[in-house]
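Here is a short report for a reader who meets this structure for the first time. Please look at the sequence and the model before reading on.

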Amino acid sequence: MRTTAAVATQAGKPLEIMEVNLEGPKAGEVLVEIKATGICHTDEFTLSGADPEGLFPAILGHEGAGVVLEVGDGVTSMKPGDHVIPLYTPECRECEYCLNPKTNLCQSIRSTQGQGVMPDGTSRFSTLDGDPILHYMGCSTFANHTVLPEIALAKIRKDAPFDKVCYIGCGVTTGVGAVINTAKAEIGCRAIVFGLGGIGLNVIQGLRLAGADQIVGVDLNPSKVPLAERFGMTDFVNPSEVEGDLVPYLVDLTKGGADYTFDATGNVNVMRTALEAAHKGWGESIVIGVAPAGAEISTRPFQLVTGRTWKGTAFGGARGRSDVPQIVDWYMDGKIEIDPMITHTLSHKDINKGFDLMHEGKSIRSVVVY
Ligand code: NAD
Ligand code: AHE
Ligand code: ZN
């Protein structure tokens, strides 16, 4: 079939809207009509050329929701008409990783996914001239139609609005999951969240859900404050307004350091500050942000010797097929909020505006509707 896609032709260039060919689903695969997709900072990171795994030409996008149109041979858990959220972290329920309760990082298709192809080593997308176009994070939600492995789809309830629950495909689950699954934050804890964007605000709402007593938000952009307060931030710190070192300031503000700190910026200097602002003896710092190729984190080992823990989280530690339908229920039942974070809704042809808004610091989430 033919479909319309926003194609990343090369690093640093705007996406190009074009008609592309899409082959139908092979065995174990599913054809999905994407109804809406969010634009995550990770899409921008890859488009910028900073992603060591970034490949071009590719169809980016990994935060979508849509409807199953067709299933390949052997697909048993999906049928046409089902509503789904694509999963860049799949859940095969069979691999060594899925069988280990300590991780959500299913590895059954990770190597082909990283190469921009389906598990059989080929792409379903091509130009009208027949040149292959690569998949991205196994999802490619910037195309109106896409093909995914069955294990990379969460089936969700049909009354959930696509233009809101698409955000559960990455940002919501990552932020809320980092608190609930990775930090396992307790009632009454103190926390610091670095970066009040599409991920950081969801960390804040996760902390509120967990019953945190103090939620400090740190961002260089003060325009993020009203929404962060609405989601539960109790204190705001703009590093550019702090005289002297930020770490002692934050340690003092949290009465000895935070029980949990979260980096949602992708800046390795911020990651160090986050670790060092965690409480001596027990504080945990969770890295969520994705850093550019070649970037490294560092701190004095003494920071760890004296009881701080440095952790990371991908997709909020969530197992997509099992957890995502439940997070959709939380949204539909009013336990978590999504709508105020979706600051812009765009048509597919205007997708590059979403990237501009992100660069200008004017959006939290832009969602493209097809
Ligand atoms: P965003 O652009 O919406 O938000 C980033 C925020 O960080 C902005 O508000 C910005 O002003 C702030 N910021 C930037 N530099 C800062 C600094 N030095 N100090 C304080 N604040 C600073 O991005 P997002 O969509 O929220 O994504 C955040 C990060 O999380 C990105 O690196 C993204 O790639 C990553 N991410 C990781 C996962 C995962 O599974 N680990 C999932 C999604 C996104
Ligand atoms: N490809 C990059 C790393 C990108 C990365 O860390 N991706 C996160 C999801 S970000 C979603 O917005 C992730 O899930 N990582 C685990 C994985 O297996 O990809 C690099 O540095 O090479
Ligand atoms: Zn993302």
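How do the residues of the shell around ligand 1 divide into nonpolar, polar and charged? The model is predicted, and in it this shell holds 16 nonpolar, 15 polar and 2 charged residues.

**Ligand 1**

The shell around ligand 1 counts 33 residues. Those that come nearest are His41, Gly195, Gly197, Ile199 and Gly266. Two elements give two or more residues to this shell: H1 and helix H4, which spans 171-183. The largest share, 3 residues, comes from H1.

Why does ligand 1 lie between domain 1 and domain 2? Both domain 1 (2-169 + 338-369) and domain 2 (176-313) give residues to its shell, so ligand 1 lies between them.

**Two domains**

The domain assignment splits the protein in this way: domain 1 takes 2-169 + 338-369, and domain 2 takes 176-313. Their centres, taken over C-alpha atoms, are 29 Å apart. Where they touch, domain 1 supplies 12 residues and domain 2 supplies 10 residues. On the domain 1 side, helix H1 (residues 41-48) gives the largest share, 3 residues. That side is made up of 7 nonpolar, 3 polar and 2 charged residues. H1 thus turns up twice: it gives the largest share of the domain 1 side, and it gives the largest share of the shell around ligand 1.

UniProt offers its own annotations, both from an unreviewed entry. The table sets them beside values computed from the model.

| UniProt annotation (unreviewed entry) | Residues | Helix | Strand | Distance between end C-alpha atoms |
|---|---|---|---|---|
| domain: Alcohol dehydrogenase-like N-terminal | 27-121 | 14% | 23% | 13 Å |
| domain: Alcohol dehydrogenase-like C-terminal | 198-330 | 38% | 15% | 18 Å |

**Ligand 2**

Which residues stand around ligand 2? From the early part of the list come Cys40, Thr42, Asp51, Pro52, Glu53 and Thr89. The list goes on with Leu105, Arg110, Cys170, Val290, Ala314 and Phe315. This shell divides into 7 nonpolar, 2 polar and 3 charged residues.

**The parallel sheet**

Strands of a sheet pair through backbone hydrogen bonds, either parallel or antiparallel. One open sheet here has 6 strands with parallel pairing, in the order E12-E11-E10-E13-E14-E15. Strand E12 (235-237) and strand E15 (309-312) stand at its edges. Each of these has a single partner strand, so one side of each is left without a neighbour in the sheet. Neighbouring strands of this sheet are turned by 20° against each other on average, direction ignored.

Take one pair from within the order. Strand E10 (residues 190-194) joins strand E11 (residues 214-218) through 5 bridges, in the parallel sense. Phenylalanine 194 stands opposite valine 218 in E11.

A helix crosses part of this sheet. H4 lies across strand E13 (260-263), strand E14 (284-287) and E15. H4 runs at about 130° to E14. H4 is also one of the elements that give two or more residues to the shell around ligand 1.

**The antiparallel sheet**

How many strands form the open sheet with antiparallel pairing? There are 4 strands, in the order E1-E2-E6-E7. Strand E1 (2-7) and strand E7 (132-133) are the edge strands. Each has a single partner strand, so one side of each is left without a neighbour in the sheet.

Strand E2 (residues 16-22) and strand E6 (residues 125-126) run antiparallel and are joined by 2 bridges. The bridge partner of leucine 22 in E6 is phenylalanine 125.

**Two backbone details**

Two places in loops deserve a look. The peptide bond from phenylalanine 56 to proline 57 is cis, with omega near -5°. Proline 57 sits in the loop between H1 and strand E4 (64-71).

The other place is arginine 93. Its phi is near 65°, a positive value in a residue other than glycine. Arginine 93 belongs to the loop between strand E5 (83-86) and helix H2 (110-114).

Methods
Residues numbered from 1 in each chain as written. Chains lettered and ligands numbered in written order. Predicted model: local features only at pLDDT ≥ 70, side-chain atom pairs only at ≥ 80, totals over all residues. Domains from an automatic or database assignment. Contact = placed C-beta atoms within 7 Å. Nonpolar A, V, L, I, M, F, W, Y, C, P; charged D, E, K, R; others polar. Near = placed C-beta within 6 Å. Pairing = 2+ DSSP bridges. UniProt positions renumbered as here; feature names shortened; annotations may be inferred. Axes fitted to C-alpha atoms, helices over the stretch in contact; angles between N-to-C directions.
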